[in-house]
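Hi,

Here is the structure I promised to pass on. Have a look at it first, and my notes come after.

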Amino acid sequence: MTHGKLKVAAAIAGSWLLLAAGVIVLSAQRVVTPQMALLMLVALTGLYVGFGVLIAVYRFMSTLK
């Protein structure tokens, strides 16, 4: 893996961790309920996985042309 790809992977992981930490802080401050925080974390993970699959399929389809 090249340094560019590692930087992109680190940026993606860092953004997910930052958003997840924000949800955990909101839960700790009782702004949202623990159940709502868990749902937000599951949705956040689903968004990252879903868009990752879309990007992978797009890159695969572009190689077929």
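Below is what turned up in the pocket, on the surface and along the first helix.

Two cautions before you read on. This is a predicted model, in which local features need pLDDT of at least 70 and side-chain atom pairs count only at pLDDT 80 or more, while totals for chains, interfaces and linings use all residues. Residues are numbered from 1 along each chain as its sequence is written, and side-chain values use heavy atoms, with hydrogens and water left out.

The pocket: the largest one holds about 210 Å³ of space. (A pocket is an open set of points on a 1 Å grid over the protein atoms alone, where a 1.4 Å probe fits, with protein on both sides within 12 Å along at least five of seven lines; lining residues have an atom within 4 Å of a point.) Its lining consists of K5, V8, A9, I12, I55 and R59. Helices α1 (3-28) and α2 (34-64) each supply at least two of these residues, and α1 gives the most, with four. (Helices are DSSP runs of H or I, at least four residues, numbered from the N terminus.)

The surface: F60 lies in helix α2, and counts as exposed because its relative accessibility is 51%. (Exposed means over 50% relative accessible area, buried under 20%, and partly exposed in between, with a 1.4 Å probe and protein chains only.)

The first helix: G14 is found in α1, and is partly exposed because its relative accessibility is 34%. From the C-alpha atom of G14 to that of L26, twelve residues apart along the chain, the separation is 18 Å.

Best wishes

Conventions
Grid points are joined across faces, edges and corners, and a volume is the space filled by probe spheres set on the points. Helices (H or I, at least four residues) and strands (E, at least two) are DSSP runs, numbered from the N terminus.
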